[in-house]
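Please look over the structure shown below before reading the numbered points, which take up one sheet and two single residues in turn.

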Amino acid sequence: MAKLSVQQIEFYQQNGYLVIGQLLDFETLYSYKKRFLQICNGIVPKGQMTIATEHKLKDSKKKPEDYTNKIQDFLYDDVLSTYAEDPRLLNVVTQLIGDEVSAMHSMFINKPPGTDEHPPHQDLYYFPFRPADKIVAAWTAVDACTARNGCLYVLPRTHRPRRLYTHAYTSIQSKLYHGITDPTVALEKDRVHLEMSPGDTVFFHPYLIHGSGPNITKNYRKSISCHFASNDVTYINVEGTVQEPIAKEVVQEAKRRGLELSYEDIWKYRSKPVKTIKSHL
């Protein structure tokens, strides 16, 4: 496994993200895409995974792929779980946050034609564990991602002030899609659009402000993602902080599904330790 260069690590530390091209191969990506279609079409049971849909599209589309937004919590799926356990991915993750890690939040994201933007946000807003420097996201393009089909955009260096902004529902009302409420924070002129080819992977810091645009093409834009945290992180109580609104909403949603758990325990429940190889040392 390749060791990150000094320049790559410095770029990540300074800018809050790092793109590595062609990290995953076509066959691997195709297996994820095939599994997504099997799950959203009901060919294989979804088990404990959550399927999120784009409500404005569901009323007018007949094929599940045309209105399914994402599949979450795939860490125990036979196929999709291999993403969070891929040595090529973990080789980079462990160089950024340490050798002993757990997969915390997993998503296969589908962006059908007509899908809205994902408003600017910080992933740390959702996480009741710290320190932030021991958390990293990995996000891999399954399809070609362009500005027209809603690729990710980032605001470089916005992780450096270590400020967690107030989030809430903005113009987009999809469940749990909170965005930063300050309209001066993620101006168009400050956004760097990450146009990526299949297999390209971006790693980014949880304080980094990012989002994605709408899909205005006639094609899908698929990606797969997982957040990782060091096993040394500590869980915190978010009551009385800017994270309290999302914590209450997530706990309420869990309760609706029959789970009486605290916000911290929900995250512990959905996480999974992953085996890493210290081959970069």
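1. Strands, as the word is used in this note, are DSSP runs of type E with at least two residues, numbered from the N terminus. The model is a predicted one, and in it Pro 183 lies in the loop that runs between β10 (179–180) and β11 (192–193).

2. Is Pro 183 buried or exposed? Its relative accessible area is 69%, and because exposed means over 50%, Pro 183 counts as exposed. Although Pro 183 and Pro 120 are 63 residues apart in sequence, their C-alpha atoms are 9.8 Å apart in space.

3. Strand β11, which follows the loop of Pro 183, belongs to an open sheet of four strands, whose order is β5-β13-β8-β11 and whose pairing is antiparallel. The edge strands of this sheet are β5 (118–121) and β11, each of which pairs on one side only.

4. Within that sheet, strand β8 (residues 152–154) and strand β13 (residues 210–212) run antiparallel and are joined by three bridges. Which residue of β13 is the bridge partner of Tyr 153? That partner is Gly 211.

5. Gly 98 is found in another loop, the one between α5 (87–97) and β4 (101–111). With a relative accessible area of 22%, Gly 98 is partly exposed, because this value falls between the 20% under which a residue is called buried and the 50% over which a residue is called exposed. Gly 98 and Val 142 are 44 residues apart along the chain, and their C-alpha atoms are separated by 26 Å.

Notes: Residues are numbered from 1 along each chain as its sequence is written. This is a predicted model: local features need pLDDT of at least 70, side-chain atom pairs count only at pLDDT 80 or more; totals for chains, interfaces and linings use all residues. Side-chain values use heavy atoms; hydrogens and water are left out. Buried means under 20% relative accessible area, exposed over 50%, partly exposed in between (1.4 Å probe, protein chains only). Two strands pair if DSSP finds at least two bridges between them.
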